[in-house]
Amino acid sequence: MKFRFKKVIKLVGLAVVPLSFVLSSCTNAAPSKDQPILSGLSNVNRNDYDLGLVTNPLNTLNYVKYNSIDRVLPSLVDPYLKNGPSDALKRVLTAKRRYNFSLLNIPQDRSTSNFDNYYKTNLETIQSDNGTGVIGSSFYALDDFNIVGGTADDSGVGDDLKSRSTIYAFRNPRNTNNFMALTGYTNVKKNRWSNGDFSTSQDIRDYLEYILDLNTGSQKLDTIRRYGIRGVDRFIDAQRDYLAKFNKSYKNPFGRRNYVFNQDLKIWVQDPNQTDLYQSQTVDDRNQPLDTKEVEAIKNAAKDLGFYTGQLFLDYDNSFVARFLSMNPNFSLDAEVQDFRVMTSDNQPATIKLVKNPYVNPYQKFVLSTPDLQGSLQPLSKDENSFTLIFNENQTPNLSFLIGTILENLYPVNRRYIETVGGGIDRYGSEPDKFLTNGPFVIPRDNGILLGPNGYINLVKNLDYFDAENTISNRIRIFFSQNPNTNALFFEDGLISQTLIPANRINRYWANPEIKQFLNKNQGYGTIAYGLNLDLETNANSYIQDQDLRNAIYYAINRSDVLRFVGWDFSFPTSTWTAYGTHKAYDGRNLELFFEGQKSKTKNNKEFDLLNYDFVVHLSKGFNFEKTVRHDLAHDLQTARFYLDRFKAKHPELKQVTLNFLDNSSDEQVRGATYLKQAMLEAFCGYVNIEEKSLPENIFASYIEKGQYDIIYQNYDRFSGGQPQDGVLTFFKNDGIDSFRQKNIGFKENPVGSYTYLDYLSNLVLEALQKTDPNLTRQTILKPDIDRITMIINSDPAMLAAYNNAVNSLNAFNLNTFSTDHLAAIIARLNQVNPGFENTRYSNQYVNALLDYMIISNWRRDPDQFNQRRNENIAIARLHTAFNLILPSFKTVDEIAQLTDDTRVRLEIDTLDQVGSDTKKVQPNFWKKFIELSLNRFNESTIDYTSRLSSFFSGNFTDEELKENWSLDYVYQFIGAIEKIIRDSGLIIPLMEVDTNWEVTRVGGVSSLFKFSLQYAYDYTRPPRDGLPRTREA
């Protein structure tokens, strides 16, 4: 992941240094001639702007739906927290604000990280001392770490945390390095939207609601999901369940009201008379609702979303209501809708309707006697200018992830404007005049922006911005260009002040004393890999499904050659999936330290180190003049050809394998495809052929999420997350296509689709069983239950008729209808005819998968070739699903471990000592834990499975796990063991780390340009005002 590395280092250091140490009670360059360097730039005069930059083209300003604007966004719309001024600039700024991160006292009872339980147990303490009982004297001063508020309110000039702090953070009692909740305060009438409205905390809630509503189709859905906010998974799954059952999305899942214009107050308000919230949207022939249960599930999930403001009523500030309380003697804090007398701006009486905010903070205490109707508990959101954010108890973030990833990416959005003047979320930002800003810069109306390739965006200082005196540059021009050589020419000609350096220019720049002084090395973390489509519905018949072929490709690639071929000359090759980068253990040790010394063998008995570089060597990426040799320890042609021979033995008639490589037409991805094609030709003499296909970016993205490829080249930094386990967690859960369940998009949470660790494990079990019975298959193992279901159906005439209808219809709707109508009855009969498996085998998922397999397998051939292939693939997918689900009742964990022990031995799992201080404890069994975590429990929901995984990896161990001596040290080693499994399965092919690169820059005032948070940025060779630092800060 590209990252503001200096800040990360500071945050990581902040997180691991003992609290007692860090807590407080806590000459202008001569301008060159203005000569254009490309056609179309003849009208550009660099003296017309203070700072020039370059970024990838923008096609929209809609930051709710699309990711493309994310880099520029912080200069236009303020996030909650953002990059502050560099240390050198901070020393010369006159207006300085403090932003305190208050650490609330840790409760005596440390048995739970569930915020509900914490609140109930500690309510008396929270309420004590006038609602400040849990506020202590410990805090972090975020501004000391170059982090300042965007929409975040400052903490004032004093250190009285009980009266004011930017953030109040509830530490996880079970792991005090993490946080289970926080309350953030936002600016009070300071951040003004460009239409005149003021931003509030409710605007951040609206941003999240838009993204989490599946009808929006936001590209940010999975990003928000990874934040671990309580209730997000439940809410998304409830919507997806509705979609799968009724073949359409549920409209308005948050129960939001339409806007109507209030003539008395001359503002748009949410319709107080609207009554169709959370009503049925699917009815039968008699107009009776069919979706009551599903709608209720969505409604309850929405209420549980862990983001609450303290705004009591829709559309109106608490202080506005408090101002007119004397005119309303019958006012109630609890009424859902009530009439309310107010005075208009022209001093005329009027009656409005107050609608209770359904998502007001349920933990806050509101009483009529408090000033401005604010809540009485200071550490919880108490009005429209504060919010409480609660995390899943097993996904509590650490400090660096919380601040650097979550809070710096919480943006406001003006829903009132979007739903009225803006024309709806789909049209918002499609044109410059349908977009609002509230940040340090605005887009001028004339020639402000030209969307698309070869376009630009001009930023002009927002004179109405609350911190305008600290906005350094007056005008900024950002060019849209993807070509690194073009960008280098822009810099050389003085049009821009910063760009990344293509490798073919680095020696020339070092030799040029005028440019050498502007060179700077960046580093970050993340993984670029060849991604494989292992999804069964979309790609079941591809040879890429064969593990031996995948392993052949894995070991045939020379990652050090890939670096140079695609232009990442300064980065490092890697053969592990986990982007350890800045990942730390709870006590500050780097994750890599737990991987050192780990090895595994391939099937030809060759041993390979898990790490390509040890931790100390890896540190060299941070030095300008490192001489580390780029080598790939996993490149071994002998091993590659060994695996290819195994593949050939299974397919003796095959003369050549052709795999479809998809790219987005960018130079880097095209080069990635060209390298792979060449490498396969050289390693396998043309037996493996790579067929390249280039597409425009938007079409390419659609192909990926629909699984229309064999291999892609991708930056997978989105799977790095904030926790050490985030990488390996990716492959526990299926994210493939399931068109019969209306899941037509996938590969978001699992980049290979439907393939999981359980598929790997099932294959190992099947291979072991076939050693004694070569005729054993998934079908033969499942046949007894298929026969029992057939008998049950045949014995019931009504059920048989419905079954035959599903078979003859060739229709997914009738298929799903049969399962819905008869699943419970079939399960009940199965438990009768085959007793002993109650609550162990015949789960809803297992029997449903068998029914689908039986029906689809009996469908007549579809004349449409695409449909026929899809149907066959879905049948295969259901067969694999059923086999995976029967496995826990077919073999115990111990039996599976025994059957697959040869793989454990070959991978050298369970052979290491603990890295920590306690060497007396017996190491827990890694292989059995991998089996246990891979297997689904009986009728285990997706949310429950996610919670089980998160609980284990975050150190919230069960009593049984504690008896097995599990600790976080062992968990980190266990992650290394799973990395061996990822390599052995060949499910993805890591290539290199990303974002270790060189830039040439004259930009001062900011520590990084990963994101264009440009309030403090300027060209230090021609500063726009006197007194600014004239050199780049080291």
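Here is a quick tour of the domains, one helix pair and one covered helix in this predicted model.

Start with the overall layout. The assignment splits the protein into three pieces, as listed below.

| Domain | Residues |
|---|---|
| domain 1 | residues 46-61 + 439-518 + 1002-1033 |
| domain 2 | residues 82-185 |
| domain 3 | residues 528-750 + 950-994 |

Measure from C-alpha centre to C-alpha centre and domain 1 sits 35 Å from domain 3.

Now for the helix pair. Helix α32 covers residues 926-934 and helix α33 covers residues 942-953; their axes come within 10 Å and cross at roughly 155°. Angles over 145 degrees count as roughly antiparallel, so that is how α32 runs relative to α33. On the α32 side, K929, E932, L933 and S934 make the contact, and on the α33 side it's Y945, R948, L949, F952 and F953. Sorted by class, that contact has five nonpolar, one polar and three charged residues.

K929, which belongs to α32, deserves a second look. Is K929 buried or exposed? K929 has a relative accessible area of 2%, and the cut-off for buried is under 20%, so K929 counts as buried. Leaving out residues up to four places away in sequence, K929 touches F952, E961, E964, W966 and F974.

Last up is helix α24, residues 757-770. With 14 residues at 1.5 Å a residue, α24 should span 20 Å, and its end C-alpha atoms are indeed 20 Å apart. Eleven of the 14 residues in α24 are buried, so this helix is mostly covered. Among the buried ones are Y757, D759, L764 and L769.

How values were computed. Residues are numbered from 1 along each chain as its sequence is written. This is a predicted model: local features need pLDDT of at least 70, side-chain atom pairs count only at pLDDT 80 or more; totals for chains, interfaces and linings use all residues. Side-chain values use heavy atoms; hydrogens and water are left out. Axes are lines fitted to C-alpha atoms, for helices over the stretch in contact, and angles run from 0 to 180 degrees between N-to-C directions. Helices (H or I, at least four residues) and strands (E, at least two) are DSSP runs, numbered from the N terminus. Angles under 35 degrees count as roughly parallel, over 145 as roughly antiparallel, 65 to 115 as roughly perpendicular and the rest as oblique. Contact means heavy atoms within 4.5 Å. Ala, Val, Leu, Ile, Met, Phe, Trp, Tyr, Cys and Pro count as nonpolar, Asp, Glu, Lys and Arg as charged, and the others, Gly among them, as polar. Domain bounds come from an automatic or database domain assignment. Buried means under 20% relative accessible area, exposed over 50%, partly exposed in between (1.4 Å probe, protein chains only). The expected span of a helix is 1.5 Å times one less than its number of residues.
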